[in-house]
Amino acid sequence: MRSKNKNGIANIYLVLVFVVLYAPIFYLMYYSFNSGGTMHEFEGFTLDYYREVVGDTRLMIIMINTLVIALLSSAIATVIAVIGALAIQHVRSRRAKNTLLSLNNVLIVSPDVIIGASFLILFTIVGIKLGFTSVLLSHVAFSIPIAVIMILPHLQEMSPTLTDAARDLGATRRDVLTKVILPIIKPGIFSGFFMALTYSLDDFAVTFFVTGNGYSTLSVEIYSRARQGVSLSINALSTLIFLFTILLVIGYYYLNQRKNKPMMHTAEPVAEAGVPR
Amino acid sequence: MKQLINTFLAILIVAFGLMFLAYRLNSAEGYSGGNTLTIYNWGDYIDPDLLKQFQEETGITVIYQTFDSNEAMLTKVEQGGTVFDVVVPSDYAIAKMREENLLLPLDHSKIPNLTNIDSKFMDLSFDPGNMYSVPYFWGTVGIIYNPDMTEGMDFSSWNSLWDKRLNNEIFLVDGAREVMGMALNSLHYSVNDKNEEHLQEALSKLNKLSPNVKAIVGDEIKMLLANEEASVGIVWSGDASEIMDENDKLDYVVPEEGSNIWFDNMVIPRTAANVEGAHKFINFMLRPDVAAQNTEYVGYSTPNTPALALLPEDISGDERFYPPAEITDRLEVYDNLGKRMLAHYNELFLKFKMNKK
């Protein structure tokens, strides 16, 4: 009886947390259908703002740019981060390892504005034209430390005896990597990828500095539009992007469920803790 | 492992598919052609149809980028990396860009439509002779108020703000020049006054205002006033028109002692690649029909006289945004006070903010 009661409170708490988290998003989605044109009163149902978004080619191009940058940069960053995490794990000296980790963490907590300004100066000195390349490079750069920190705990958690056993049984180095290590840290790789994806999607400060020559992303565009008050077409656009990310997550779980049934690790271990923001 | 590879392949395929789509959209719009013109403007500050129209008429493809503050724009223009052909900064930013030699002089023979601009908006202190800039939109600083909440008070003078009935009812915009200028104006001094006695007088007058001041806020002032968090605000006319769009109960007035008048202007940066096209674009924007259409879309005040005649009466006849001559004569542009004087203004404003309980 008592434990059941406790469960009830826990459930209520959980529901409350989710309400708080999702209420603003649903509020925003609700008003994207408002024919009244403001976020004050709901006057009637309309799809005008969705038509406006789809009809505005410049906005559509910017949205596609944003998605391309997010997908590519987080994929590249995750690959680099896997290699980086393996290297950090490989370092024997405790001091060197800690130094590497601290350097990684400093990049996570350093202010976006400073990273952005540094990139702007770097790119103009090196002579990289601002646009797709500069945005992609900077997004890859700020995503790597985040992905590293998501992957490392899985590596640390992995028992070293596993690799030893594999080696004893005659596995080559390559086999150990592809058949033992990577499958075990796979959840970390995916959470690193998704984390990098969200960082890239919503980053304004860094992106602002490195966009140029007609190449822009949504965060920059929405921010400069907000000066005139946010139009409901932005609500419509946000709704579309929200749905897109939900689709991504559903896709991920579908993949996981189908392939992972006979494997271990259906539940996500540790990892998610300790990342700022 | 296989799953990892498959997933990453899928991501790459989706990304390249999207890239191809963007490329198709870009070339459908003609953005990838050679003859382009890059425009750097405030967010949502032009009717997008006009960009298409310009493209159809001249064959020049417009690449349009936006910024949200003069300071942000200055950073990008100074740093280079992107080539902008036309930029739309505000008055004081133009003075600064001129000093730093960032602008190209305009060829007036290529802008015949310049004659459409009202002569009182030409040859201003930030750019004598309009060597570098052409007015795009203008506005004022004034009082926005809620008649329901202020019981018929009259705000035609700045001094009405000191009325005891307004206790804790005023929002000030967080700008040293705006707030100091308002205090100076209320004492019948210039917004560009450099006389130390006058400035101290203005400060002590501001300190007397502080019981009435609810808060000194940034851009959120629009939302706060539209939601009736207080009954009075000191704002720019552009903000005022947006607030009144949100909440039509509010009203805006430019006090009779005078006030600031501001301008956003088109300029050509020194690094421009398509100077010919930039002149064409500026000339296009000055055409009466184009300026009128743009004014209806953006909602700020146009300096274009023939365009004003094309606008519906309820826009052009609105004295709140097109004040009569006896008021416009008293409006002043902010002069570039110089670094030291500007710092002094900021310091006085800071003192006022700190004194406020």
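Two strands count as paired if DSSP finds at least two bridges between them. Helices (H or I, at least four residues) and strands (E, at least two) are DSSP runs, numbered from the N terminus. Before you click, note that this is a predicted model, where local features need pLDDT of at least 70, side-chain atom pairs count only at pLDDT 80 or more, and totals for chains, interfaces and linings use all residues. Residues are numbered from 1 along each chain as its sequence is written, chains are lettered from A and ligands numbered from 1 in the order in which they are written, and side-chain values use heavy atoms, without hydrogens and water.

**Stop 1: a strand in chain B**

Select residues 261-267 of chain B, which make up strand 9. Seven of the seven are buried (under 20% relative accessible area, with exposed over 50% and partly exposed in between; 1.4 Å probe, protein chains only), so the strand is largely enclosed by the rest of the structure. B:I261, B:F263, B:N265 and B:V267 point one way, while B:W262, B:D264 and B:M266 point the other. That fits a general habit: in a regular strand the side chains alternate between the two faces of the sheet.

Now add residues 133-145 of chain B: this is strand 4, antiparallel to strand 9 over seven bridges. One to pick out is the bridge between B:P135 and B:N265.

**Stop 2: loops in chain B**

Pick B:N101, in the loop between helix 4 (91-99) and strand 4. Its phi is near 60°, positive though the residue is not glycine. Most residues other than glycine have a negative phi. B:N101 is partly exposed, at 46% relative accessible area.

Hop to B:E228, between helix 8 and strand 7 (232-236). Here too phi is positive, about 60°, and B:E228 is partly exposed at 28%.

**Stop 3: a helix in chain A**

Select residues 132-157 of chain A, helix 6. At 1.5 Å times one less than its number of residues, its 26 residues should span 38 Å, and the end C-alpha atoms are indeed 38 Å apart. Zoom in on A:I144, where the helix bends by about 30° (the angle between axes fitted to the seven residues ending there and the seven starting there). A proline, A:P145, follows within four residues.
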